[in-house]
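Student: I should like to take a close look at a single part of this model. Please describe its surroundings in one connected account.

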Amino acid sequence: MSNNYNVKYCIEPKPIVSFTDSFDDEIEDFGFNLLCTSLVPDGVIAKSDMLLSCGQWADDIIGVISPECIDDSKKFQAEMGWATYLGITYIMFAPFLSEEGKVSKIEEIKEDEKKKETEKKEEEEKKKKKQSESIQDKNINYSRMINSALKGAIGSDFILPFYLSDKNSWNKWNEIRLMTESYSSFYPALILDSGSVHTECVESWMGENVKALIIPSDLFAKQSSKSKKSNQAAYQLPKQILQLIKHFMIQDIDIILRQSEGHKIRTDLHKQYHYLRRIQKNLPKLTSWEIANRDFEDYLQDPLQPLKDNLESSSYQVFEDDTIKYELYEKAVYKALLDFAKLRKKEDPKIDLKENPIVVMLVGSGRGGIVRRCIIASHKSKVPIRLYAIEKNPSAVITLRNNKWEYDHEVIVVDTDMRVWNPPEKCDIMVSELLGSFGDNELSPECLDGAQKILKKDGISIPSEYNSFMCPITTPKLFNELFEKKNNLKGLETSYVVNFGKYKYLSNIQKVFTFTHPLPKESIKKDNSHNDRFKSFNFVLKNDSLIHGFAGFFDAILYKDVKLSTNPIDHTPQMASWFPIYFPIQKPVFVKAGGNFKASMWRCTSNDLKRIFYEWTVTSPVILPIHNVNGRSSAIDL
């Protein structure tokens, strides 16, 4: 679709229809991408593997495990074996039995078996408790069967549906995924079986990697002839359900339309399908910035180490494409130049700034993106500058020396490490862009400590301050990837730059560390202890949650009121230079709604003064080991 959301539509007919050799044409004629079918070996559609080609079984079919399998392991194994034989790669398990008495054929609770009104209350409660315990036992045993199937499956996706009307649905999902460890191919699905939703339950679902929404066709309300307009759909969904569907459509969900009794595929379901397509079409269109960033959703990247490694041209290109950041730097330099011009003229009314320009030194110049903005700021403010560009990357220095600068402005290019350079003069303004996704994680504090000797006594640094922030996050997709693919201590003790896709921030965002520049000379210690930090946190969780680690952000005060931020609370609009940082934890932690989640974080310098690293831990409601002790798994080289 034109708004760049990738939603797949599936039909689950009741009873299963019999398809012919023109399967692809019929599916296309229906308008659906996939077909749900029972995996009962003697079922109508599945009675022979030759009804469809191997490619059709693999690409066009969702195989549905029957409810009778829940307490029949042999039947479960038979249907799973049939799915494997057919080559089906998308399998839907039957939902758990409901402890509230509403489910499958297996629990045929007849009306005449209901308790008589004359029964004693104690007896009712006793029977209910016994029934609930029996159902719980069956569900636990069913979880074992599912886990066994997941262990032996390769290359298939599995979904387990949950009724949205069940206020405990998320907790049930959380229980089974913890029992089955973590599988990147195991997803929850939501059956939208009611027009009303439990707000707290829905909030818990928002951060999950939900694979599919199952919508019974009788959930749609048929419009009355009076309210129906010629250009409107013949069906509508309840408002709360519609909001939920829109949320998941943005996350590229599969939508399964389940045929209800009395509804026909080519009339009712077809109209409902087109109604949903209109909803999708009317979602907000993604901007070019959002489209570009979607390619990086939930992709784990190691943070840059610009001190250790010289960046490639492509990395600089990505930075320079973020015009918002450069505009803010230009604005900060512009304001600083005006202030310095006033200050110098106040100190000496006869001063000629053309003869005595404001000295600007850009440390870590890259290919010159901010150098250009300094020149433009000088031109706009009409304040002359003498401009130095200091860069240690020899390849970037070649570009700097061969650049044609705006207004033919002279730029003095210096090929050296800012920390060891002895300048011919000191500067009024030291400009740098050494910030990482957590603010200080690319060693801006250590770099600027070494470089600040180039500043005059009244000189300033742009940025003058930066702060890191963090909050607990649920991101099952990323945790499962780390657990399965890395499957080692190092992978779960390393921070990653990531554009979160399937996630939810679970509590208020709290400040972590603050750094300011320039520092008083006497506060800079040779052992770098002045840049070490420690902070403890207490987060209060709004909903039942499974925590997979921490999301980190930062903001920076460039000059006075000129600020940039990746903090979701006040994120600089359209700024794309930094994604958040993710600090995983070795084991997910469950916290009840209203519960406290306590954690601590350290920023440390190694004893040999060659590395900076973070350590972090959880102290409540459980205690986890301190992660990344002595930087054993990840560190930033000085």
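**Glu-493 and strand β6**

Tutor: In this predicted model, the side chain of Glu-493 forms a polar contact with the side chain of Arg-632, at 2.7 Å. Glu-493 lies in the loop that runs between α15 (476-486) and β17 (496-497). Its relative accessibility is 0%, and because buried means under 20%, Glu-493 counts as buried. Leaving aside residues up to four places away in sequence, Glu-493 touches Gln-586, Trp-616, Ile-626, His-627, Asn-628, Arg-632, Ser-633 and Ser-634. Arg-632, the partner in the polar contact, is thus also one of the residues that Glu-493 touches.

Burial may also be followed in a strand. Strand β6 comprises residues 186-191 and is mostly covered, with six of its six residues buried. On one side of β6 are Phe-186, Pro-188 and Leu-190, and on the other are Tyr-187, Ala-189 and Ile-191; both faces are covered, and all of these residues are buried.

The pairing of β6 involves strands β5 and β7. Strand β5 (residues 157-163) pairs with β6 in the parallel sense, over six bridges. Here Ile-159 stands opposite Tyr-187 of β6. Strand β7 (residues 212-216) also pairs with β6 in the parallel sense, over three bridges. In that pairing, Ile-191 stands opposite Ile-214 of β7. From β6 the chain crosses through helix α6 (residues 199-205) to β7, and this β-α-β crossover is right-handed.

How values were computed. Residues are numbered from 1 along each chain as its sequence is written. This is a predicted model: local features need pLDDT of at least 70, side-chain atom pairs count only at pLDDT 80 or more; totals for chains, interfaces and linings use all residues. Side-chain values use heavy atoms; hydrogens and water are left out. Buried means under 20% relative accessible area, exposed over 50%, partly exposed in between (1.4 Å probe, protein chains only). Helices (H or I, at least four residues) and strands (E, at least two) are DSSP runs, numbered from the N terminus. Two strands pair if DSSP finds at least two bridges between them. A crossover is right-handed if, with the strands pointing away from the viewer, the path from the first strand over the helix to the second runs clockwise. A polar contact is a pair of N or O atoms within 3.5 Å; within protein, one must be able to donate a hydrogen and the other to accept it, and residues adjacent in sequence count only if both atoms are side-chain atoms. Contact means heavy atoms within 4.5 Å.
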